[in-house]
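Grab a pencil and let's work through some exercises on a protein model. Try each task yourself before you read the solution.

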Amino acid sequence: MPDSKNAPIALAFSGGLDTSFCVPYLREETGRDVWTVTVDTGGFSDDEKGEIEARSSSLGAAGHRIVDARAQLWDRVLQYLVKGNVLRGGVYPLCVGPERVVQAQTLAQAAREIGATAVAHGSTGAGNDQIRFDGALRLLADDLEAMAPIRTLALSREASTAYLQERGFPVEAKTTEYSVNRGLWGTTIGGKETHDTAGVLPEDAWPDTVSPSRAPDQPHHLEVAFESGVPVALDGEALDPVALVEKLNRGGAAHGVGRGIHVGDTILGIKGRIAFEAPGALTLIAAHRELEKLVLTQHQLVQSGILGDFYGRLVHEGQFFDPVCRDLEAFLDSAQHRVTGTVTVEWFKGAIRVLGGVSPHSLFDAGAARYGEDHALWSGRDAQGFAQIYGLQARLAARAGS
């Protein structure tokens, strides 16, 4: 067992303001080496990865690791957010919570590989991430000390900026104003406009999507193919899920789709507000939901909606490792056996619209049913009898009431 007083600290590192502060602060306060660990859960270009590594070195880190965890993120969590059509508050596709599951796991593993006896993250004391990281790390690496300097010191972004600038480390002004988290499932933007309930982000605060008013004047149609609830092709081109989501993110951003602002309850019980861009996630969920309507029974749809929402709540609130999540995943997998087919979607000036879908398992045309004025599965007398019985309990209750 390494000497905890001299062993290195493994820091979850994005290269942003808070994690940049942590590198020199931990070095100065503990006298220990700090290794930075960047877990790639999407949103990084090759150039940005190089910049993050250079940033780590310039801040004085003893070493840097970057781990590509995009496929792991999809396999472990994101596929179930699609299968459950998970949108918190009906709008937000959980851009951040799933990432923290994989980042915490990868950080713990990297810490052991470099001989660290402590792990650190840049979460504040007000947000959800501190709970997600600490909860996961206590379960996965309870033998490692967990540090959160920003939370411990209760630092503002302005104070973190001043600390770094005093030591000669440059900080972009926009970094101080906004906290941006890019990932495979979307980008979140927090800043002064999200600190109240009526603030509207200025156009230059949206990092990737074009303004819907400046999007192309012609709609763009695309076809998304699913097999057992998993997206497998885009416009006839077979793609693995990660590549497919990334392609949707790039294409949707050019049409201004995927923007939103979500108000919700934080894990700590207060209200929070966050802006987000998620073209891929919102497109896939809209398409998948339409396909489910074609192939699932009404009872399957109801239960999938309830349990998908519950699963999303657990992931968002840092409870991914509770065994009930495995139970919910088993249900969602089972319900997806017939969710195979192709859905046509339209992007147009910020809007995502489902145009239609087809499936070999569609219940819309089961071979014998005809829809409209005609019918083939029952007679008029059958319908009359059903109408007489249907709602009987409500009529009896009305007679017994008052």
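**Exercise 1.** What is the order of the strands in the open sheet of 5 strands, and how do they pair?

Solution. Keep in mind that you're looking at a predicted model. Step one: read across the open sheet, and you get S10-S9-S8-S13-S14. Step two: check the directions, and the pairing turns out to be antiparallel. Step three: look at the ends of that order. S10 (237-238) and S14 (351-358) are the edge strands with a single partner strand each, so one side of each has no neighbour in the sheet.

**Exercise 2.** Zoom in on S10: over how many bridges does it pair with S9?

Solution. S9 covers residues 230-234, and it pairs with S10 over 2 bridges in the antiparallel sense. For one bridge partner, start at Ala233 and cross to S10, where you land on Ala238.

**Exercise 3.** Which strands does helix H9 lie across?

Solution. Find H9 at residues 241-254. Then follow the strands it crosses: S8 (220-227), S9, S10 and S13 (341-348). As for its tilt, H9 runs at about 60 degrees to S9.

**Exercise 4.** Are the rings of Phe21 and Tyr25 stacked or edge-to-face?

Solution. A search of the whole structure turns up 8 aromatic pairs. For the pair Phe21 and Tyr25, the ring centres are 5.2 Å apart and the planes are at 20 degrees. Planes under 30 degrees apart count as stacked, so this pair is stacked. Now place them: both sit in helix H1 (residues 17-30), 4 residues apart, which is about one turn of the helix. Phe21 has 1% relative accessibility and Tyr25 has 16%. The cut-off for buried is under 20%, so Phe21 counts as buried, and so does Tyr25.

**Exercise 5.** How far apart in sequence are the parts tied together by the pair Tyr92 and Phe276?

Solution. Begin with the geometry: the ring centres of Tyr92 and Phe276 are 5.4 Å apart with planes at 55 degrees, so the pair is tilted. Next, locate them: Tyr92 is in the loop between H3 (70-83) and H4 (97-113), while Phe276 is in strand S12 (residues 271-277), so the pair ties together parts 184 residues apart in sequence. Tyr92 is buried at 5% relative accessible area, and Phe276 is buried at 2%.

**Exercise 6.** Which residue lies over the face of Tyr163?

Solution. First, spot the cluster: Tyr163 forms one aromatic cluster with Phe21 and Tyr25. Then look over the face of Tyr163, and there's Arg167, at 3.6 Å from the ring centre. For another example, Arg326 lies over the face of Phe320, at 4.4 Å from the ring centre.

Terms used:
Residues are numbered from 1 along each chain as its sequence is written. This is a predicted model: local features need pLDDT of at least 70, side-chain atom pairs count only at pLDDT 80 or more; totals for chains, interfaces and linings use all residues. Side-chain values use heavy atoms; hydrogens and water are left out. Two strands pair if DSSP finds at least two bridges between them. Contact means heavy atoms within 4.5 Å. Axes are lines fitted to C-alpha atoms, for helices over the stretch in contact, and angles run from 0 to 180 degrees between N-to-C directions. Rings of Phe, Tyr and Trp (its six-membered ring) pair if their centres lie within 6.5 Å; planes under 30 degrees apart count as stacked, over 60 as edge-to-face and the rest as tilted. Buried means under 20% relative accessible area, exposed over 50%, partly exposed in between (1.4 Å probe, protein chains only). A charge sits over a ring if NZ of Lys or CZ of Arg is within 6 Å of the ring centre and within 35 degrees of the ring normal.
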